[in-house]
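Welcome, and please open your viewer. We will go from stop to stop, selecting a few residues each time and looking at what is there.

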Amino acid sequence: MDSYSATVIRVAEAVTQHVAALEMTGTGRNGRLVRVGAGSAVLFTTDGYLITNAHVVGGAQSGRAVFADGTTTAVDVVGADPLSDLAVVHGRAPTAAPAEMGDAESLRVGQLVIAVGNPLGLAGSVTAGVVSGLGRSIPVWSGRNRRVIEDVIQTDAALNPGSSGGALADAHGRIVGINTAVAGVGLGLAVPINATSRRIIGSLLKDGRVRRAYLGLVNTPIQLQPSAVVRTGRREGLLVVEVLPGSPAERAGLRAGDILLRVGQMYVSNAESLQKLLFAEAIGEPLDLVVLRDGADLRLVAVPAEMTDNQ
């Protein structure tokens, strides 16, 4: 057997037992339980907590999780954070051992990753691919509201409806991402497991919600031109792809095409470095921005607002 196949088989055997099919339920007009969402979830603690996508749980408060070995447990929603598309649910009955969580900061473009989930109701499905891109930022719709999910992993591992909330693992079987969306043929996206997402998960476990500061821009990492490197001393920045109408970013004067170099006292080169600055303590506080626009340095001031359901 070739080494590639051996690696995928080993990871699949290690990870599949920790991934459950998730079915969320609500009360219909006739008072009966109806399915309001479905996807996958990853067990990450010994006492039954699972991580999934916020869009999978939707507005539901409870449901059930079914593991690959047939074990079933009722689950209750602990909390959800639409901005990161992460949610935590808690199983009421004993379940399998937790998955080993990794760190997406170690990922490199071209690296092997394995996706495990329950696409189209097919439990324990495994696909493999590579990391196609890092630090992506995607606009999504939540009801009538447009949001931006930051710092996602792009992969060509096949994902289908029902994969959302499932595991994206590295070659060592460590969970480095939570699959979140199918963006097109050969293009899947996953929320990374890193310091920022761990902070989000911790807030969901503690408070059931995450207070987030909101700038309202879509960005992607970019390498600076040599002349800009010489002038600024920086090699990377964040290219502003889109500024959402009425957002703090728009009020600060940011435009699509600007390159964001520094926010406050921190230089930014990926979505996570920006996200680290946008938790509760940043709400309503002036934030200095240093940007490149048409080859010139520009200094702006933004005042982040609190992310609400209406933004």
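**Stop one: a salt bridge from H4**

Select Arg231: it is partly exposed, with a relative accessible area of 41% (buried means under 20% relative accessible area, exposed over 50%, partly exposed in between, with a 1.4 Å probe and protein chains only). Before going on, note that this is a predicted model, in which local features need pLDDT of at least 70 and side-chain atom pairs count only at pLDDT 80 or more, while totals for chains, interfaces and linings use all residues. Residues are numbered from 1 along each chain as its sequence is written, and side-chain values use heavy atoms, with hydrogens and water left out.

Now add Asp297, whose side chain meets that of Arg231 in a salt bridge (3.5 Å, N to O). A salt bridge here is a side-chain nitrogen of Lys or Arg within 4 Å of a carboxyl oxygen of Asp or Glu. Asp297 sits in strand E19 (residues 296-302) and Arg231 in helix H4 (residues 226-232), so the pair ties together parts that are 66 residues apart in sequence. Helices (H or I, at least four residues) and strands (E, at least two) are DSSP runs, numbered from the N terminus. With 38% relative accessibility, Asp297 counts as partly exposed.

**Stop two: more salt bridges**

How many salt bridges does the rule give? The count comes to nine.

Select Arg211 and Glu306 next: they form a salt bridge, with the closest N and O atoms 3.0 Å apart. This pair links distant parts of the chain, since Arg211 is in the loop between H3 and strand E13 (213-214) and Glu306 is in strand E20 (residues 305-306), 95 residues apart. Relative accessibility is 36% for Arg211, which counts as partly exposed, and 24% for Glu306, which also counts as partly exposed. Add Arg209 to the selection, and you have a network of Arg209, Arg211 and Glu306, joined by salt bridges that share partners.

Then move to Glu281 and Arg199, another salt bridge, where the closest N and O atoms are 3.1 Å apart. Glu281 belongs to the loop between helix H6 (271-275) and strand E18 (287-293) and Arg199 to helix H3 (residues 195-207), so the pair ties together parts that are 82 residues apart in sequence. Is Glu281 buried or exposed? At 53% relative accessibility, Glu281 counts as exposed, whereas Arg199, at 38%, counts as partly exposed.

**Stop three: along helix H3**

Stay with H3 and select its 13 residues, which reach 18 Å from first C-alpha to last. That is close to the 18 Å expected at 1.5 Å a residue (the expected span is 1.5 Å times one less than the number of residues). Colour Thr196, Ser197, Ile200, Ile201 and Leu204, the buried residues of H3. They cover an arc of only 140° around the axis, which puts them on the same side of H3; the arc is that of the directions from the helix axis to the C-beta atoms. An α-helix has 3.6 residues a turn, so residues three or four places apart point the same way. On the other side of H3, look for Ala195 and Lys206, which are exposed.

**Stop four: a residue in E9**

Finally, select Ile149, found in strand E9. Ile149 has 4% relative accessibility and counts as buried. Add Val191: the two are 42 residues apart in sequence and 8.5 Å apart in space, C-alpha to C-alpha.
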